[in-house]
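Visitor: I should like to be introduced to this structure through a series of questions. Would you kindly show me the sequence and the model before we begin?

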Amino acid sequence: MSEGAGVRFPTELVAALRAARRVAVLTGAGVSAESGISTFRDAQTGLWARYSPEELATPEAFRRNPGLVWEWYAWRRGLVTAAQPNPGHLALAQLEGLVPQLTLITQNVDGLHRRAGSRNLIELHGDITRVRCSAEGTVYTAWEEGSEAPPRCPACGAHLRPDVVWFGEQLPAEALERAWMAARACELFLSVGTSGLVEPAASLPRVAYAAGARVAVINLEVAPSSEGRYDALQGRSGELLPALVAAAFA
Ligand code: BV8
């Protein structure tokens, strides 16, 4: 075992990270939990307790009640902009400068990896701090909030919508292709803070493993399915990621 910041890791994992030319990382909501952003598995709080994300994060919900869906995203956007990247986000941004090529593939829509300094970033499910025209697809990073919710596209008058991928919607083809390629090409794949329930993102660790990569899972709960194939590191990403970087590069 190798030690970093008081945490012990399998020596082979630390050696693999130190030696890797290409590393791919998949993150989920668990990486942002220590920034105070509740995960999808956590109960929704307050006003939104009676809704499940799966029933609001869909095109049908937006068609049925665009104002409700818009308000839910406005509430989440407020939480996200008030949050700060945590040591897990920062360790991944630091790691990008320590290995020859690190590709960070995130399911998260909170923008915290970008704010932490990660640059080679694939946002599989978009970013709730951006909106787009529901008719033309034009993306806006700033918009007028008037009396009407959702606000309307300044160019065509259609409703604006969050720039995210809803359940039942295709992921952006270019982002998904880049993620498949990174998973197939890497020597080491880290899956961090994800329950691995949502496809197609959940298939990426399997694609990497099948292509010969070493796969390590860092999560509060480690699924028995990874037994024997993956390095399973149970714990908080805000503690384990900085410790792993320290063990490999300190
Ligand atoms: C698609 C953006 C092709 C929006 C998200 C029926 C019809 C259509 C599709 C489907 C269908 N049935 C199934 C599907 C496929 C569907 C899917 O996978 N459904 C699941 C629920 C079964 N997928 C899709 O629809 C995708 N598109 O397939 O298109 C298609 C098209 C048409 C018809 C057929 C096929 C689109 C999926 C993208 C959805 N958008 N987000 C928004 O955010 O509002 S998904 C959203 O939920 C997140 O982005 C994320 O991906 C997911 C939540 O997962 P996690 O990130 O893993 O978070 P979770 O809370 O689950 O887990 C957190 C983990 O962290 C836990 O394990 C916890 O223990 C751990 N943890 C907590 N704290 C810490 C920690 N770990 C470490 N440290 C800590 N401190």
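**Charges, fold and particular residues**

Guide: In this predicted model, the chain carries 23 positive and 26 negative charges, and the mean positions of the two groups are 3 Å apart.

Visitor: How many helices and strands are there in the chain?

Guide: The chain holds both kinds of element. The count is 10 helices and 11 strands.

Visitor: What radius of gyration does the chain have, and what would a compact globule have?

Guide: For 250 residues, a compact globule would have a radius of gyration near 18 Å. The value for the chain agrees with this. Taken along the principal axes, the C-alpha atoms fill a box of roughly 60 × 35 × 30 Å. The radius of gyration of the chain is 19 Å, against near 18 Å for the globule.

Visitor: Which percentage of the residues in the chain is buried?

Guide: A residue counts as buried when its relative accessible area is under 20%. The accessible surface of the chain comes to about 11500 Å², and carbon and sulfur atoms account for 52% of that surface. Of the 250 residues, the buried share is 50%.

Visitor: Among contacts between residues at least 6 apart in sequence, what percentage joins residues at least 24 apart?

Guide: The contacts considered here leave out pairs of residues that are not at least 6 apart in sequence. Of the contacts that remain, the share joining residues at least 24 apart is 65%.

Visitor: How many salt bridges does the count come to, and which parts does the pair Glu34 and Arg236 tie together?

Guide: The count comes to 14 salt bridges. One of them joins the side chains of Glu34 and Arg236, with N to O at 2.5 Å. Because Glu34 lies in the loop between α2 (30–33) and α3 (53–56) and Arg236 in the loop between β11 (231–234) and α10 (237–249), the pair ties together parts that are 202 residues apart in sequence.

Visitor: Are Glu34 and Arg236 buried or exposed?

Guide: The relative accessible area is 32% for Glu34 and 42% for Arg236. Residues between the cut-offs of 20% and 50% form a class of their own. Glu34 is therefore partly exposed, and Arg236 is likewise partly exposed.

Visitor: What separates Arg63 and Glu60 along their helix?

Guide: Arg63 and Glu60 form a salt bridge, with their closest N and O atoms 3.7 Å apart. Arg63 is exposed at 62% relative accessibility, whereas Glu60 is partly exposed at 41%. Both belong to helix α4 (residues 59–64), where they are 3 residues apart, so the separation is about one helical turn.

Visitor: Which residue forms a salt bridge with Glu199, and which residues are joined into one network by salt bridges that share partners?

Guide: The closest N and O atoms of the Glu199 pair are 3.0 Å apart, and the partner is Arg206. Salt bridges that share partners make one network of Arg114, Glu123, Asp127, Arg130, Arg132 and Asp163.

Visitor: Which residues does a cis peptide bond join?

Guide: Omega is about 0 degrees at the bond between Ala149 and Pro150, and Pro150 is in the loop between β7 (139–140) and β8 (160–164). Omega is also about 0 degrees at the bond between Glu199 and Pro200, with Pro200 in the loop between β9 (188–192) and α9 (204–210). The joined residues are thus Ala149 with Pro150, and Glu199 with Pro200.

Visitor: What is the phi of Ala5, and where is Ala5 placed?

Guide: Ala5 is exposed, its relative accessible area being 63%. The residue is placed in the loop between β1 (2–4) and β2 (7–9). Its phi is positive although Ala5 is not a glycine, with a value near 50 degrees.

Visitor: Is Trp48 buried or exposed, and which residues is it in contact with?

Guide: Trp48 lies in the loop between α2 and α3. At a relative accessible area of 3%, Trp48 is buried. The C-alpha atoms of Trp48 and Trp72 are 7.5 Å apart in space, while the two residues are 24 apart in sequence. Leaving aside neighbours within four places in sequence, the contacts of Trp48 are Leu56, Leu68, Glu71, Trp72 and Trp75.

Key. Residues numbered from 1 in each chain as written. Predicted model: local features only at pLDDT ≥ 70, side-chain atom pairs only at ≥ 80, totals over all residues. Heavy atoms only, no water. Helix = DSSP H or I, 4+ residues; strand = E, 2+ residues; numbered from the N terminus. Rg over C-alpha atoms; globule rule 2.2 N^0.38 Å. Buried < 20%, exposed > 50% of the residue type's maximum accessible area, 1.4 Å probe, protein only. Contact = heavy atoms within 4.5 Å. Areas by Shrake-Rupley, 256 points an atom, 1.4 Å probe, with all protein chains shown as cover. Lys, Arg positive; Asp, Glu negative; His and termini not counted. Charge placed at Lys NZ, Arg CZ, Asp CG, Glu CD. Salt bridge = Lys/Arg side-chain N within 4 Å of Asp/Glu carboxyl O.
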